[in-house]
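The exercises below are meant to be worked through with the coordinates open, one element at a time. Each task is followed by a solution that goes step by step.

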Amino acid sequence: MAKVAIVGAGVIGIGWAKLFARGGWDVALADPRPDLDQIVRSELSGLSVTAYPEAGAAAEGADYVQEAGPERLDFKHKLFAELADATAGDVVLASSSSSLLPSEIAKGSPAADRILIGHPFNPADLMPLVEVVPGEKTSSMAMDRAMQVYGDLGKTPIRLKREIPGFVGNRLQKVFNDQSIYLVQQGVIDAKDLDDLVKASLGLRWATVGPFEGMNLGGGPAGILHLMQNVGSQMTFEIGEPDKSKMGMVIKEVDAAYGNGEQKYEQGVTARDDKTRKILKVLDEN
Ligand SMILES: NC(=O)c1ccc[n+]([C@@H]2O[C@H](COP(=O)([O-])OP(=O)(O)OC[C@H]3O[C@@H](n4cnc5c(N)ncnc54)[C@H](O)[C@@H]3O)[C@@H](O)[C@H]2O)c1
């Protein structure tokens, strides 16, 4: 059985552990957290997952490494040095990082050719996307291997041609979230209504067609050119920026709409994951 070392057993690492183990991998899950054994027994019960307090020991003999530790460059540097030492020269060292560039993580590493980003979307075991991002020194062999591993796990791996801060998913998300905050701050719409608006329109559309496919269909039989020359030609307004000094009122409004705390979080996650599973099932059938 192929072995994967997953380093970090937080929100993302646990998701990866479920995914790899269900995909037939032997999982070595490393995290110094004192409740790791308990997590393996409860959240990962019945799966082939072994707990390790240290990353190096988990990575010994691994065929693939998926790092999901804290989002700090100094931490990742130290960790990737340890992982490079513990693994064979052809083993991919993939970081789940949402914001650190692979070239920065790989800086000074003798294993820079096999360090890349394998960036999931939360929840990592459910969301199909993995952005596979090369650093300046990442080999195409390492990229091919990562694409194959995520594809075999049933994910939708997308290979970026080069690194850029935020990669693609989070750059798009940032534009959308910033504009959502701006509209609430400007008193155009309530936070909850904005969420309902998105679920009833763009969210649903983008589960079936992407922005470009949508623009092409939006133009009718003449496609995107017609859209650009007609509706698109009038979209010349400025969109504004959120005011960082006025985040308090937005946070208050979101808290009032959805609440927070352990119980609300669990309810929210369960409802989100159930709906996501149902949508994925319907999309898979088509
Ligand atoms: N949360 C998200 O939505 C999300 C989405 C995509 C990618 N990511 C990325 O995934 C990574 C993990 O994020 P998260 O949200 O799961 O964080 P988290 O804080 O939930 O988990 C991090 C885990 O790393 C562990 N850790 C600390 N030191 C360690 C060490 N020396 N060895 C092994 N484990 C160690 C911590 O105990 C903790 O359990 C980050 O790089 C983040 O950018 C997060």
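The model used here is a predicted one.

**Exercise 1. Strand 1 and its partners**

Determine how strand 1 pairs with strand 4 and with strand 2, and where the chain runs between strand 1 and strand 2.

Solution. Begin with strand 4 (residues 64-67), which pairs with strand 1 in the parallel sense over four bridges; within this pairing, Ala5 stands opposite Val65. Turn next to strand 2 (residues 26-30), where the pairing with strand 1 is again in the parallel sense, now over five bridges. Here Ala5 stands opposite Ala28, and the bridge partner of Val7 is Ala30. Following the chain from strand 1, one passes through helix 1 (residues 11-22) before reaching strand 2, and this β-α-β crossover is right-handed.

**Exercise 2. The two faces of strand 1**

Which residues of strand 1 point one way and which the other way, and are they buried or exposed?

Solution. Sort the side chains by direction: Lys3, Ala5 and Val7 point one way, whereas Val4 and Ile6 point the other way. Then apply the cut-off of under 20% relative accessible area for a buried residue; by this criterion five of the five residues in strand 1 (residues 3-7) are buried, Lys3 among them.

**Exercise 3. The sheet as a whole**

Give the order of the strands in the sheet, identify the strands at its edges, and describe how helix 6 is placed against the sheet.

Solution. Eight strands make up an open sheet with mixed pairing, and their order is 3-2-1-4-5-6-7-8. Strand 3 (49-52) and strand 8 (156-159) each have a single partner strand, so one side of each is left without a neighbour in the sheet. On average, and with direction ignored, neighbouring strands of this sheet are turned by 25 degrees against each other. Helix 6 (residues 140-152) packs on the sheet and touches strand 4, strand 5 (92-95), strand 6 (115-120), strand 7 (129-134) and strand 8, while the direction of helix 6 makes about 160 degrees with that of strand 8.

**Exercise 4. The nonpolar cores**

Find which residues touch the most other members of the largest nonpolar core, and list the contacts of Phe20 beyond its neighbours within four places in sequence.

Solution. The largest nonpolar core has 31 residues, of which Phe20, Val27, Leu29, Tyr64, Leu116 and Tyr150 touch the most other members. Two or more residues are given to this core by each of strand 1, helix 1, strand 2, helix 2 (36-42), strand 5, strand 7 and helix 6. With the neighbours within four places in sequence set aside, Phe20 is in contact with Val4, Ile6, Trp25, Val27, Tyr64, Gln66, Val149, Tyr150 and Leu153. A second, separate core of 26 residues includes Ala59, Phe80, Leu83 and Ala84.

**Exercise 5. Backbone details and domains**

Describe the backbone at Pro123 and at Phe167, and then how domain 1 and domain 2 are placed.

Solution. Pro123 lies in the loop between strand 6 and strand 7, and the peptide bond leading to Pro123 from Asn122 is cis, with omega near -5 degrees. Phe167, in the loop between strand 8 and helix 7 (169-185), has phi near 50 degrees, a positive value in a residue other than glycine. Why does Phe167 count as buried? Its relative accessibility is 0%, and the cut-off is under 20%. Finally, the protein is divided into domain 1 (3-159) and domain 2 (170-285), whose C-alpha centres lie 30 Å apart; seven residues of domain 1 are in contact with six residues of domain 2.

Terms used:
Residues numbered from 1 in each chain as written. Predicted model: local features only at pLDDT ≥ 70, side-chain atom pairs only at ≥ 80, totals over all residues. Heavy atoms only, no water. Buried < 20%, exposed > 50% of the residue type's maximum accessible area, 1.4 Å probe, protein only. Pairing = 2+ DSSP bridges. Right-handed = clockwise from strand over helix to strand, strands pointing away. Axes fitted to C-alpha atoms, helices over the stretch in contact; angles between N-to-C directions. Contact = heavy atoms within 4.5 Å. Core = buried A, V, L, I, M, F, W, Y, C linked by side-chain atoms within 4.5 Å. Domains from an automatic or database assignment.
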